[in-house]
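Student: Hi! Could we walk through this model together?
Tutor: Sure, ask away.

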Amino acid sequence: MVTRPSATGGARTRRAGPTFDYACRLSTRANARMSTPAPAVPAAPGRMPRQIGYIIGNEACERFSFYGMRNILVPFLIGSVLLGYLPQGSERDAAAKDIFHMFVIGVYFFPLLGGWLADRFFGKYHTILWFSLIYCAGHACLALFENNANGFYTGLFLIALGSGGIKPLVVSFCGDQFDQTNKSKAKLVFDAFYWIINFGSFFASLLAPRLLDTYGPAVAFGVPGVLMFIATVVFWLGRRHYVNVPPSRQDPDAFSVVIRTALRAQAQGQGRPGLLVAMVGVVSAVSMLLLWALSATVALPWWPTSFGFVITACLSLGVIIALGGWGASMQLERARGAHPDAAVDGVRAVLRILIVFALVTPFWSLFDQKASTWIIQGREMIVPHAAWWWPSWLIDNPAQMQALNPLLVMLLIPFNNLVLYPLLRGWGVDVTPLKRMGWGIAISGTSWIVAGVLQLWIDDGQQVSLAWQSLPYLLLTFGEVLVSATALEFAYSQAPQAMKGVIMAFWYLTSTFGSLWVLLTNAGVRNEAVTAYIASTGLSENAFLMFFFAAFAFVAALAFGLYARRYPMQDNYRTA
């Protein structure tokens, strides 16, 4: 409950919404507009809350710190002593990619923990502050332990924990600072968030690779660490001005509670097939974890030796979500009576949205590889310094090509909203969210076709200009805008108010499973039968995988389109 003074000197309360309420309307690449509980001291009509500056300043520094270290992680690992046990070449490249994508998995898994702790125990402010301190410790480990594997990997874990822990909270905490008197200003703030995210990513992508080349990893990882420390201090300085929504009590009609009721409920003359399906999921997940643990000491011919803990844990989580959701859907009607119809209908809406999200995960397997596979490809290309049109003062390192992504995002979103979508509507084309997402996945696959062609040129011994990578970056970013900036708009409209936080949690997991597909593919190409097949195609391993991921995206886009045709659209925007 949010407590604030009343006009008569007493106190009145307003129940807080879910932690993810604002974040559900704002993907990391999209605008948002909503209202949240009123501040402790009502702002004057039309006035911007003074504490917003602290939150925006925190976001600017934090995004620079995150993208700064993330975008140099693969180049650092390839050339570091941490992978010195591997020869230079494809083995070391593959190991660096594995580490990078395991890190990404952690970043997008830990929002579940941060959101839960904030909602149930500590509130947003304290959770953000404490996870930010963990975040700072992780950066310090990267800077101090560049030659120590245990210290460096501990740093990556702490950054994944800290970054993921605050990810679902900062935007929603910002929303808590507005009330009915100044909610019109909220859109300006969310627009600022969007620009700050891309602004930080753009300059971090340009600066961090230069720092790595010029001053070494201690400085290159240290500067983002300093920025994260500044972000934490800036956030702490606003502590006396923030509206702090206390953690909510356990919701008796929450998503997980309704699921549990449905699975346990018995119907006269009927069995519980849904419970059986869900239990198969749980048993399968536990069995996989036990097999992984056993394989560490005993050779198991039926268990892939390349499946480490991260792959196994993610597969286990996926099995539980898939079979648990399927089982719950089979018996969901049994929860009526024990829970309000709105709660049961909300759970069914979430389960339908999960199928959409599952079909989006291949997109993230393509998107996140721009910071791994595409950097590795860029290292084999020629930087065209001699060309008069090439900005050598800006880009002299393949890793800096990642700056194109945030720059293009800032250009493409207004272009789509102001030019492309109105033009398509004028031609009679209905650009629904599901259509945009399906086309976004397909266009992302096309970007990997282009990248694969570039790899074929490289494999043929041609000197390929790094400038050619601009084309796949353009296509991939266009796909990102269609998918990421649309997905939460779609999910928000489909899920009832009480389930919007659950949707945000599952949305972050799409990135986790996207990186899981990359790890599974990398594990597959270590199999002798797979490598022999790749060799028989006449393609290099890199080129083959690029075309493979393109095909993966096209299949996902086709499945997405088929499911979208029979998806029952809802409209769950709240009334004014």
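Student: Is Tyr-567 buried or exposed?
Tutor: Tyr-567 counts as buried because its relative accessibility is 6%. Buried means under 20% relative accessible area, exposed over 50%, and partly exposed in between, with a 1.4 Å probe and protein chains only. Keep in mind that this is a predicted model: local features need pLDDT of at least 70, side-chain atom pairs count only at pLDDT 80 or more, and totals for chains, interfaces and linings use all residues. Residues are numbered from 1 along each chain as its sequence is written, and side-chain values use heavy atoms, with hydrogens and water left out.

Student: Which ring does Tyr-567 pair with?
Tutor: A search of the whole structure finds 38 aromatic pairs. In one of them, Tyr-563 and Tyr-567 meet edge-to-face, 6.0 Å centre to centre with 65° between the planes. Rings of Phe, Tyr and Trp (its six-membered ring) pair if their centres lie within 6.5 Å; planes under 30 degrees apart are stacked, over 60 edge-to-face, and the rest tilted. Tyr-563 is buried too, at 12% relative accessibility.

Student: Which residues make up an aromatic cluster?
Tutor: Trp-374, Trp-448, Tyr-473, Phe-548, Phe-549 and Phe-552 form one.

Student: And where do charges sit over rings?
Tutor: The charged end of Lys-167 lies over the ring of Phe-66, 5.5 Å from its centre. Arg-436 does this with Tyr-421, at 5.1 Å from the ring centre. The cut-offs are NZ of Lys or CZ of Arg within 6 Å of the ring centre and within 35 degrees of the ring normal.

Student: Switching to helices: how many residues of helix 17 are buried?
Tutor: In helix 17, 22 of the 25 residues are buried, so this helix is largely enclosed by the rest of the structure. Helices (H or I, at least four residues) are DSSP runs, numbered from the N terminus.

Student: What span should helix 17 have?
Tutor: At 1.5 Å a residue, helix 17 (residues 500-524) should span 36 Å, and its end C-alpha atoms are 37 Å apart, which agrees. The expected span is 1.5 Å times one less than the number of residues.

Student: Where is Ala-442?
Tutor: Ala-442 belongs to helix 15 (residues 433-459) and is buried, with a relative accessible area of 16%. Its C-alpha atom is 9.4 Å from that of Ala-551, 109 residues apart along the chain.

Student: Last one: is Phe-122 buried, exposed or partly exposed?
Tutor: Phe-122, found in helix 4 (residues 111-144), counts as partly exposed at 37% relative accessibility.

Conventions. Helix = DSSP H or I, 4+ residues; strand = E, 2+ residues; numbered from the N terminus.
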